[in-house]
Amino acid sequence: MVWDVEIAALRGFLTDSEATEWKQNNSSAAESGSLLESLLEGNFEGVLLSPVVLDVLGGESGDGETVEAYLQRRFLAYLSDATEDDRAEREKVLYVLAVACLHLFAQSNWTGPPVTVHPQDVLPPALLQPLSEPQALTTALLNSLVLDGESVYSLVSNPLLLLLARVLLVSCGAKLESFQLLPWWTLRYVALHQQILEERSPELLTLARSSMEKALKTEALFDGEAHRNLAVLFHLECGYACLTYYEYRPAKDHFLQARTLSRLEINVTGALGKRTRYQENFLAQLILDVQRKEGRSPPRQASPQRPPPGKTYPR
């Protein structure tokens, strides 16, 4: 079941067979199932504002405790207080929360629409009391995201979301031991965090290398045809991550691996032609020739079917 949650979160939707199995097993009756349902519907704010997440984030704070230290303490306590039967369920809750926070942070700063969740909506008043001065909370959150002395872009929106993801994926990542693809989401966190820093961070570079190495050991993703499309996507993301840190040889290797998995034959050629109707003479034009190699085509995956208004996935 853990693997099914990971694949669904990466793909962003449930296939028809998965939705049917989910209904039969009644897995969405659990807290993590409800959160996963909200995640796959794109209701990321619903995940963050769910009762179970608010209960995890709520609590008493120590004197002088930073927001980052408070979050780490609450998450670790949430896992340590669980019984053997509840442990897997609580790990799923934190996993879905980490994914939702990454989506919300990207939505808030790049894709839109604006995110309406504020720190005061999810953190206890006692923790925020010392940060009641204007801009004090924002400054404290931005300072928590400073790495290797590289300052954070001052106009970043909702830095708490990235801090939540960092604490879950990095500080508490070792406790989410059931998830094989957690390193992939850690790599995505690195990509987002690096974009808001002034210069490249050696700490994030080390984390990116470690995440790629761990994720590549996930045999269930890279062996066989079932998840070939996700394997291609992973190598593309690794390639761009390597380019971010000027590691050109590893980037080339990942791009070649992605091309091999997709069974594409790519050649650059040229021919005389006219690019626009205003061009009078034939000139050399660059042509990118892309052909799929013979053999079994990778499995086609259905597009996400969003439920109509007022309807949700089966529970």
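1. Let's start with the nonpolar patch, where helix 15 is the main contributor with 3 residues. The members are Leu-236, Tyr-240, Leu-243, Tyr-246 and Tyr-248, and together they put about 540 Å² of accessible area on the surface. Leu-236 sits in helix 15, while Tyr-246 belongs to the loop between helix 15 and helix 16 (248–262). Keep in mind that this is a predicted model, so everything in this note is about computed coordinates.

2. Tyr-246 deserves a second look for its backbone too. Its phi is positive, about 60°, even though the residue is not a glycine. So a member of the surface patch also carries a positive phi, and that residue is in the loop that runs from helix 15 to helix 16.

3. Which other non-glycine residue has a positive phi near 60°? That would be Arg-263. You'll find Arg-263 in the loop between helix 16 and strand 1, the strand covering 264–273.

4. Now the largest pocket, which has a volume of about 330 Å³. Its lining is made up of 19 residues, and the ones nearest the centre are Arg-188, Ala-191, Leu-192, Gln-195 and Glu-237. Helix 7 (84–111), helix 12 (182–195) and helix 15 (228–244) are the elements that each supply two or more lining residues. Helix 12 has the largest share, with 8 residues. So helix 15 turns up twice in this note, in the pocket lining and in the nonpolar patch.

5. What is the chemical make-up of that pocket lining, by class? The split is 11 nonpolar, 6 polar and 2 charged residues. If you're setting up a grid there, the residues around the centre include Arg-188 and Glu-237.

6. Helix 7 is a nice one for a sanity check on length. It has 28 residues, and at 1.5 Å a residue it should span 40 Å; the C-alpha atoms at its ends are 40 Å apart, so expectation and model agree.

7. What comes right after helix 7? Gly-112 does, and its phi is positive, near 75°. The next thing to check is the link from Gly-112 to Pro-113, a cis peptide bond with omega about -5°. Pro-113 is in the loop between helix 7 and helix 8 (119–122).

8. How many cavities of 30 Å³ or more does a search of the whole structure find? The count is 1. The largest cavity holds about 40 Å³ of space. Around it are Val-117, His-118, Pro-119, Asn-158, Pro-159, Leu-160 and Leu-161. Helix 11 (residues 159–171) provides the largest share of this lining, 3 residues. By class, the cavity lining comes to 5 nonpolar and 2 polar, with no charged residues, whereas the lining of the largest pocket includes 2 charged ones.

Terms used. Residues are numbered from 1 along each chain as its sequence is written. This is a predicted model: local features need pLDDT of at least 70, side-chain atom pairs count only at pLDDT 80 or more; totals for chains, interfaces and linings use all residues. Side-chain values use heavy atoms; hydrogens and water are left out. On a 1 Å grid over the protein atoms alone, a cavity is a set of points where a 1.4 Å probe fits but cannot get out, and a pocket is an open set with protein on both sides within 12 Å along at least five of seven lines; lining residues have an atom within 4 Å of a point. Grid points are joined across faces, edges and corners, and a volume is the space filled by probe spheres set on the points. Helices (H or I, at least four residues) and strands (E, at least two) are DSSP runs, numbered from the N terminus. Ala, Val, Leu, Ile, Met, Phe, Trp, Tyr, Cys and Pro count as nonpolar, Asp, Glu, Lys and Arg as charged, and the others, Gly among them, as polar. The expected span of a helix is 1.5 Å times one less than its number of residues. Patches are made of residues with over 30% relative accessible area and no salt bridge: like charges are joined within 9 Å, nonpolar side chains (Val, Leu, Ile, Met, Phe, Trp, Tyr) within 5 Å. Accessible areas come from the Shrake-Rupley method with a 1.4 Å probe; for residues, only the protein chains shown count as cover. A salt bridge is a side-chain nitrogen of Lys or Arg within 4 Å of a carboxyl oxygen of Asp or Glu.
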